Number of protein chains: 4
Amino acid sequence: MCAIFGIAGAEEASNLTYLGLHALQHRGQEGTGIVSTNGQEPFAHKERGLVGDIFSVAVISKLQGHSAIGHNRYSTTGGNTSENLQPLLMKSSLGWVSIAHNGNLVNSKEITKRLENEGSIFQSTSDTEVILHLMARTQERDLVKALIQALTQITGAYSLLVLNQNYLIALRDPQGFRPLVMGRLHGKPVFASETTAFDLIGASYEREVLPGEMVVVSLKDNFSIQSLRPLQDISPKRCVFEQVYFARPDSVVFGSTIYHTRKNMGKQLAKEQPAPNADIVIPVPDSGVYAAIGYSEFSKTPFEMGIIRSHYIGRTFIEPRQSIRDFGVKLKLNPVAETIKGKSIVVVDDSLVRGTTSRKLIQHLRDAGAKEVHLRISAPPTAHPCFYGIDTPTKKELLASSNSIESIRDFVGADSLGYLSLDGLLKVSSSSAGEGFCHACFSGDYPTPTFNN
Amino acid sequence: MCAIFGIAGAEEASNLTYLGLHALQHRGQEGTGIVSTNGQEPFAHKERGLVGDIFSVAVISKLQGHSAIGHNRYSTTGGNTSENLQPLLMKSSLGWVSIAHNGNLVNSKEITKRLENEGSIFQSTSDTEVILHLMARTQERDLVKALIQALTQITGAYSLLVLNQNYLIALRDPQGFRPLVMGRLHGKPVFASETTAFDLIGASYEREVLPGEMVVVSLKDNFSIQSLRPLQDISPKRCVFEQVYFARPDSVVFGSTIYHTRKNMGKQLAKEQPAPNADIVIPVPDSGVYAAIGYSEFSKTPFEMGIIRSHYIGRTFIEPRQSIRDFGVKLKLNPVAETIKGKSIVVVDDSLVRGTTSRKLIQHLRDAGAKEVHLRISAPPTAHPCFYGIDTPTKKELLASSNSIESIRDFVGADSLGYLSLDGLLKVSSSSAGEGFCHACFSGDYPTPTFNN
Amino acid sequence: MCAIFGIAGAEEASNLTYLGLHALQHRGQEGTGIVSTNGQEPFAHKERGLVGDIFSVAVISKLQGHSAIGHNRYSTTGGNTSENLQPLLMKSSLGWVSIAHNGNLVNSKEITKRLENEGSIFQSTSDTEVILHLMARTQERDLVKALIQALTQITGAYSLLVLNQNYLIALRDPQGFRPLVMGRLHGKPVFASETTAFDLIGASYEREVLPGEMVVVSLKDNFSIQSLRPLQDISPKRCVFEQVYFARPDSVVFGSTIYHTRKNMGKQLAKEQPAPNADIVIPVPDSGVYAAIGYSEFSKTPFEMGIIRSHYIGRTFIEPRQSIRDFGVKLKLNPVAETIKGKSIVVVDDSLVRGTTSRKLIQHLRDAGAKEVHLRISAPPTAHPCFYGIDTPTKKELLASSNSIESIRDFVGADSLGYLSLDGLLKVSSSSAGEGFCHACFSGDYPTPTFNN
Amino acid sequence: MCAIFGIAGAEEASNLTYLGLHALQHRGQEGTGIVSTNGQEPFAHKERGLVGDIFSVAVISKLQGHSAIGHNRYSTTGGNTSENLQPLLMKSSLGWVSIAHNGNLVNSKEITKRLENEGSIFQSTSDTEVILHLMARTQERDLVKALIQALTQITGAYSLLVLNQNYLIALRDPQGFRPLVMGRLHGKPVFASETTAFDLIGASYEREVLPGEMVVVSLKDNFSIQSLRPLQDISPKRCVFEQVYFARPDSVVFGSTIYHTRKNMGKQLAKEQPAPNADIVIPVPDSGVYAAIGYSEFSKTPFEMGIIRSHYIGRTFIEPRQSIRDFGVKLKLNPVAETIKGKSIVVVDDSLVRGTTSRKLIQHLRDAGAKEVHLRISAPPTAHPCFYGIDTPTKKELLASSNSIESIRDFVGADSLGYLSLDGLLKVSSSSAGEGFCHACFSGDYPTPTFNN
């Protein structure tokens with residue numbers, strides 16, 4: 001998963017892009033980059049690390065111009081290389097073009113092979129480079145036309161921001177897997193993965209960039225905006241996992257506020273998977289808080305912050321050699337013994353992927369005196385890998401891909417385990433965000449061919 | 001405010017101390033240090049920065065021995081110096097002695113002046129150095145006796161851990177301003193400012209080190225423990241601000257769990273300062289969460305996480321030059337518009353010191369559509385500076401020292417403003433933690449002379 | 001200017017490459033990189049900084065395999081980007097290919113334009129990327145054949161190391177502008193820009209890779225070696241500036257030891273430009289030392305280290321605001337007053353480019369009491385920019401491009417100024433290294449068309 | 001060994017002190033510090049690392065005031081602590097006092113023990129702290145008087161700079177072991193370990209601070225200067241090792257220019273230890289260069305820079321696992337094979353302490369083809385440890401303390417080995433710098449009792 005942000009016609013475009021990327025940091029922490037332009041040259045900076053660490057006053061002051069795009073990259077499996085950081089920036093017969101991509105193409109391997117056979121070279125392992133090649137090969141000199149021709153050849157999930165000296169273009173794939181919203185700041189257009197970026201810079205939220213829509217901002221014509229629909233209509237397949245887990249709770253995504261969608265998931269979960277004799281409902285912070293509030297409200301069981309999360313956790317810490325305890329989970333999540341002791345508790349989380357953290361946490365809750373632990377997950381079992389940009393484990397590592405709910409319950413050590421049903425999830429999601437979701441990670445029902453895999 | 005941690009007779013004393021300091025990071029982020037011993041030499045490392053950044057495997061492996069003490073230092077007003085980091089380590093006729101101190105002496109200036117006149121030199125601005133001087137001047141060769149003689153001369157707040165080749169000593173001043181707890185790990189003694197450090201390393205909580213108590217662990221006699229009461233009895237004056245604000249919610253401090261004390265403050269606040277027509281109760285995260293849960297429960301007004309906190313905030317960020325907005329508060333705390341719009345809301349926080357953050361936050365809530373904002377503070381107005389170790393602003397900067405509640409309400413822009421009464425606070429605190437609190441920051445009723453000031 | 005190093009069939013190929021790059025650090029300090037292979041996958045690390053800072057045990061241990069190539073990059077005018085660091089690594093129909101380049105192509109702009117028109121994209125500003133594109137476009141599946149086809153299209157200076165899973169290839173352009181030597185370590189082939197890299201790792205020097213020669217090491221056939229001459233013969237044009245300035249004095253370059261060539265330049269300079277009444281000869285350290293020894297020997301004028309060089313100079317230092325002195329030169333080069341006072345001195349340096357440093361240095365020498373300062377340069381005036389890989393200033397900045405020797409003498413403030421003649425330089429260089437030098441920077445006589453400029 | 005620098009009445013005192021410390025970097029690389037004053041408060045910054053890395057514009061701008069002292073610290077055996085960095089800064093009945101010390105007290109252990117018995121505490125292992133204690137204990141309120149009383153109690157080597165709000169004091173012990181010079185900048189006084197610091201900032205050299213002299217600059221009386229001789233006269237014992245090894249060649253130390261003294265040592269060495277059949281004289285760079293020039297001049301044997309030194313060596317580098325070569329020496333010092341091959345060579349160095357580097361270097365010279373290697377050392381054998389501030393190894397590690405010259409020759413593998421005689425050394429040193437040297441490291445003839453050891 002990644003974040004993208006773009007702005008045109010702003011007095012301090014790169015500074016506002018930096019702030020936007022800061023607000024979207026939760027979507028990717030591996031590295032970050034900004035490419036800006038004054039309508040002629042590009043200015044670029046990319047580096048591994050957090051937005052707040054990478055961009056200094058000195059760096060931002062070099063990123064000149066009225067328009068900019070930025071990107072936060074999620075963790076990758078690659079080594080210490082910066083080749084995969086975005087926005088990518090290339091030169092071709094189109095002049096310079098920069099591109100920032102959230103999503104994943106499913107036919108990139110096939111296209112890469114074809115392009116290599118035609119003499120192309122690839123310097124990253126990113127599927128985004130494929131789009132640059134396709135544009136360059138079109139023989140078109142106009143960015144908009146070249147981009148449209150490239151799009152006809154790719155399949156999969158892509159929310160894109162594309163910048164050159166003439167245009168800032170924002171677009172979503174026809175199925176709209178990944179979010180992309182549009183707003184205004186002082187009358188000029190601004191784009192972001194989520195609305196929380198607009199809140200920070202004081203931009204007003206206008207609407208989603210629609211699935212299949214291409215919004216073209218002309219840098220040379222007073223930042224005027226044109227909406228194109230170059231691709232054939234397909235029914236939208238928004239990523240339901242954005243609702244469940246990925247987006248910030250204060251964001252509006254796919255037209256609805258995440259906080260409320262998650263709270264409604266909690267209510268629906270309470271309806272489907274009650275725990276009648278429970279004394280309290282406690283979330284796994286921070287991810288489970290919103291569904292737990294809903295569960296508590298529907299079930300009329302008191303809500304307690306029975307697990308405290310530490311925010312000082314870095315990447316690694318030093319374990320004693322003879323340790324038999326698991327410091328990792330404990331350092332981050334510590335139960336409040338007095339709240340828990342002797343109680344029957346409902347623990348609400350938003351997902352259960354490998355199950356190892358839940359297992360340790362439940363052991364800690366029992367050590368703290370919990371009488372019964374009823375684990376409730378505000379989504380269905382994650383049983384299938386995602387090919388559209390969510391960094392899920394392989395099928396083998398997904399606990400739910402090959403285990404019954406009962407054996408998962410047994411593995412994590414809960415007294416009972418309940419998941420939200422797919423129908424329940426979609427009902428709650430659709431009521432706020434409209435129809436048309438991709439739920440392949442839960443159902444295995446992939447809305448595109450999955451050529452690459 | 002600071003954190004201290006100590007352990008004796010452990011296989012990996014410095015590694016466990018590092019973990020303990022990690023769990024106590026919230027009590028001080030400026031710098032950290034550990035001094036360990038094998039019963040002969042001391043091994044020391046101190047540095048500015050966070051526990052997780054300062055201690056590496058290489059550093060910890062040099063901190064040899066079975067016993068160690070550690071310290072986290074709170075921010076200071078001084079410059080880029082490491083002289084004030086602790087544990088202090090000195091050599092004198094007593095041999096080497098190391099000391100870690102949480103608290104503040106009120107007669108240190110007077111003693112410093114006297115010692116300087118007698119020829120002492122001071123290399124830090126820390127009052128802890130005074131204790132070392134007093135011990136060295138006693139002519140005693142035994143650490144316990146020298147320490148007792150030094151204690152008779154100092155007044156104020158001190159929870160101390162003292163280490164030399166023979167002893168690890170834990171002690172609290174007779175009024176017990178600052179917390180200090182004692183536990184066991186594999187039968188051996190461990191000390192910490194708060195119990196959350198015990199939870200992490202798997203130690204069991206035994207009891208408070210009592211006000212005026214000196215617990216002496218003999219490193220040369222199989223880590224046996226002796227409890228002394230060398231000082232005259234005075235009635236305890238525990239810091240009520242630890243309950244309100246400072247300690248971690250999952251800690252047991254002064255015998256009671258902070259989470260529950262804060263929740264009870266919220267209930268009492270709802271009783272004293274109702275907001276009858278409010279639609280929802282929302283906390284200022286994370287500090288206001290626990291009192292807000294109590295307020296919601298007592299008032300039967302729904303609890304909502306209506307403000308989302310970002311955890312990626314570093315020390316500085318780069319504001320646009322022409323900015324008229326305040327990005328600082330917004331970057332950290334963002335309202336969920338849909339939750340708030342058109343609602344009458346109760347906002348619960350644990351303190352209101354300078355009022356500038358509250359003012360900006362309330363403006364953001366109104367921008368997000370709040371109909372009414374009723375600010376509720378789960379403590380009395382902070383009107384007096386602390387001389388016992390809490391780093392409060394000067395009296396002039398304390399909004400409540402020279403303003404009526406009405407003018408504070410006006411300044412922050414709330415529709416109503418209600419504080420918890422001192423009686424209410426003490427009732428709630430005492431019911432759990434027993435009698436005897438220092439509440440000078442609220443009442444101005446200082447339990448000692450305040451010579452230094 | 002840059003350094004390249006490569007080794008095949010070695011037990012610790014990346015560690016030896018790191019050592020080789022360390023010995024060649026003087027040829028490029030901006031950044032460094034290594035790509036290694038086990039005959040299947042590539043392993044890569046590139047970063048801005050010095051060899052000794054970038055490569056740690058952890059990094060090197062990830063660079064697995066029996067064969068590796070490495071590169072040190074000279075300073076560039078670009079910003080904080082790592083795109084231009086080498087070795088480049090790409091994927092194409094040839095599989096993965098990595099390339100390290102010392103030199104500069106003169107027709108890269110023309111080729112780039114053609115390739116862009118055919119749909120290629122360029123991600124760096126490096127002309128090395130051009131070679132990768134040309135190879136990929138050949139339709140060949142064999143690296144050797146693809147490379148030969150690419151070479152027929154490029155003109156200019158290139159010493160190259162190319163690595164894939166089957167081959168390590170070392171080659172020089174037909175004119176042999178840049179050096180490249182071949183040696184043996186435990187019977188296996190090793191390549192480097194200069195022999196000093198062989199000295200460090202204990203490899204024996206065998207010979208130059210010849211101008212126009214391509215040495216192919218088969219990774220799949222026991223590291224056997226084949227020498228090809230795929231390109232048409234042209235008369236060699238070795239860079240005479242390597243002799244004058246760039247190479248390390250302990251290296252054998254173009255078949256002769258730099259130290260002796262420079263000493264001979266000093267002798268020839270003494271013959272051509274005597275300073276009959278001089279009391280002493282002093283070098284500008286370290287670059288002028290070797291010619292000064294020759295000048296002293298021929299002229300029978302005593303050699304003195306009359307200027308001391310500090311080796312603690314970093315990139316920047318802090319000047320007092322009201323400063324009228326130039327601390328920069330002084331911090332690096334300080335005259336020994338007692339040696340100089342009242343003396344007529346010959347100062348020997350190897351070049352005079354902008355003249356500002358010489359001007360300041362001569363002023364310092366006069367302040368230290370020098371009676372007369374006779375500046376002698378062991379090369380002709382640098383009057384023309386280099387298009388073959390030496391990073392000279394633009395023609396406008398070259399003092400000698402538009403000033404007479406008399407006006408340069410006046411500018412730098414010397415009593416006399418003498419340059420080595422081009423004939424003298426070539427005589428000395430040729431006597432050791434054979435015929436055929438490029439001396440365009442002195443003569444303006446460019447041995448190729450200079451399309452790019 | 002360490003460096004000290006001080007200046008009073010200057011417009012940018014801390015910036016000039018930074019430059020002075022930069023020029024004196026060779027005397028200490030472990031850490032550095034500056035304390036400045038505006039005549040009231042002190043401003044301080046100390047940190048481990050090089051001068052050029054530690055002091056930034058931001059740091060220097062905080063070091064306000066017209067007067068400052070600074071210190072570079074030589075490597076210590078201690079760990080990662082900053083307690084021993086100087087200038088020390090303390091508060092006592094004298095107010096604040098800061099002190100920078102070059103040298104070593106021989107009775108500090110005795111005094112420390114006495115002071116500890118009287119109740120003093122020591123926070124560093126530095127003998128400099130002793131001086132602060134002694135001053136504080138005098139009951140004097142005047143810095144000059146307190147300092148004089150302290151000096152009567154200490155024995156050993158000390159060049160000191162002392163700063164408080166009223167005075168900057170420069171002084172040397174009565175025997176004048178360590179250098180300290182005095183100069184003027186714009187009429188105001190400036191002090192430094194060596195004159196090279198004056199050269200850099202453009203100050204004029206005036207004279208040595210004399211052995212036993214105390215120069216008092218009044219910060220409150222227009223920076224007027226007074227010279228005191230508070231201590232009893234003793235015959236001077238200047239450190240002859242400063243001449244041989246420690247000081248920069250461009251400095252005037254003890255009244256003579258180091259460069260010329262070293263060159264004269266080389267001449268005397270050639271006279272005492274000729275190598276009649278040698279073809280060339282080569283120095284071990286950089287330390288042996290000056291004596292080698294003298295050796296060459298006297299012996300009429302050609303001087304060649306036959307060993308090239310790399311200046312890119314950092315603290316560590318990564319050796320191949322299976323390595324049998326010694327990369328450490330080779331990376332730093334590489335012979336020029338063509339210069340050496342088949343020759344009988346004289347290699348000149350300034351000292352031979354443990355012999356391991358010489359042994360490896362001689363092996364490399366033989367590998368490069370040297371026919372004979374005649375090692376000449378421009379000082380007598382170093383057979384005794386220094387107690388006056390030079391960081392020599394223990395007696396056991398000193399090759400010359402227990403081995404005959406013949407067995408040393410055998411160990412290092414030279415064909416012949418010759419040292420300069422003590423008489424020869426003193427003759428050469430005295431002819432320039434006057435009478436009175438400490439040569440204990442060569443002769444074992446210690447000019448003071450050596451209580452500490």
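**Notebook: interfaces, a cavity and some odd backbone spots**

I opened with the pair C and A: chain C and chain A bury about 2200 Å² between them, and carbon and sulfur atoms give 41% of that area. On the chain C side I looked for the main contributors, and Glu116(C), Ile121(C) and Gln123(C) supply 27% of the area that chain C buries against chain A, more than any other three residues. A reminder to myself before going on: this is a predicted model.

**Entry: more on C and A**

I looked up the contact lists next, and they hold 26 residues of chain C and 26 residues of chain A. For charged pairs, I found a count of two salt bridges between chain C and chain A. One I wrote down is Lys91(C) with Glu116(A), where the closest N and O atoms are 2.7 Å apart. Then I asked myself which elements of chain C each supply at least two residues of the side that touches chain A. My list reads β3 (42–48), β5 (88–92), α4 (108–117) and α5 (128–136) of chain C. Sorting that side of chain C by class, I got six nonpolar, twelve polar and eight charged residues. Polar contacts were my last check here, and the rule finds ten residue pairs across the interface of chain C and chain A, both residues being at pLDDT 80 or more.

**Entry: A and B**

I moved on to chain A and chain B, where the buried area is about 4800 Å² and carbon and sulfur atoms give 59% of it. Within chain A, I see that Glu12(A), Tyr312(A) and Ile318(A) lose the most area to chain B, together 15% of what that side buries. The contact takes 54 residues from each partner, chain A and chain B.

How many salt bridges are there between chain A and chain B? I found two. The one I noted is Lys263(B) with Glu304(A), the closest N and O atoms being 2.1 Å apart. The polar contacts between chain A and chain B come to 18 residue pairs, again with both residues at pLDDT 80 or more.

I then went through the elements of chain A that each supply at least two residues of the side touching chain B, among them α1 (13–23), α9 (258–272), α10 (289–299) and β19 (333–335). The biggest share comes from α1(A), which gives five residues to that side. By class, I counted 25 nonpolar, 15 polar and 14 charged residues on the side of chain A that touches chain B.

**Entry: salt bridges over the whole structure**

I ran the search over all chains and it returned 77 salt bridges. I went back to the Lys263(B) and Glu304(A) pair to see where its ends sit: Lys263(B) is in helix α9 (residues 258–272) of chain B and Glu304(A) in the loop between α10 and β18 (307–309) of chain A, so the pair joins two chains.

**Entry: pairs that do not touch**

I also checked for pairs without contact. Chain B and chain C do not touch, and their nearest C-alpha atoms are 15 Å apart. I got a like result for chain A and chain D, which do not touch either, with nearest C-alpha atoms 15 Å apart.

**Entry: cavities**

My search of the whole structure gave 14 cavities of 30 Å³ or more. The largest cavity holds about 110 Å³ of space. I asked which residues lie nearest the centre of this largest cavity. They are Cys239(D), Cys386(D), Ile390(D), Cys438(D) and Cys441(D), out of 15 lining residues. For the elements, I noted that α8 (240–246) and α17 (440–443) of chain D are those giving two or more residues to the lining. By class, the lining of the largest cavity has twelve nonpolar, two polar and one charged residues.

**Entry: backbone oddities**

I looked for cis peptide bonds and noted the one from Gln86(B) to Pro87(B), with omega near 0 degrees. Pro87(B) sits in the loop between β4 (67–73) and β5 (88–92) of chain B. Another cis peptide bond joins Pro285(D) and Asp286(D), with omega about -10 degrees. I placed Asp286(D) in the loop between β17 (280–283) and α10 (289–299) of chain D.

Last, I turned to phi. His186(C) is not a glycine, yet its phi is positive, about 50 degrees. I found His186(C) in the loop between β9 (181–185) and β10 (188–192) of chain C.

Terms used
Residues numbered from 1 in each chain as written. Chains lettered and ligands numbered in written order. Predicted model: local features only at pLDDT ≥ 70, side-chain atom pairs only at ≥ 80, totals over all residues. Heavy atoms only, no water. Contact = heavy atoms within 4.5 Å. Buried area = accessible area lost by both parts, 1.4 Å probe. Salt bridge = Lys/Arg side-chain N within 4 Å of Asp/Glu carboxyl O. Polar contact = N/O pair within 3.5 Å; in protein donor to acceptor, adjacent residues only side chain to side chain. Helix = DSSP H or I, 4+ residues; strand = E, 2+ residues; numbered from the N terminus. Nonpolar A, V, L, I, M, F, W, Y, C, P; charged D, E, K, R; others polar. 1 Å grid on protein atoms, 1.4 Å probe; cavity = no way out; pocket = protein on both sides within 12 Å on 5 of 7 lines; lining within 4 Å. Points joined across faces, edges and corners; volume = space filled by probe spheres on them.
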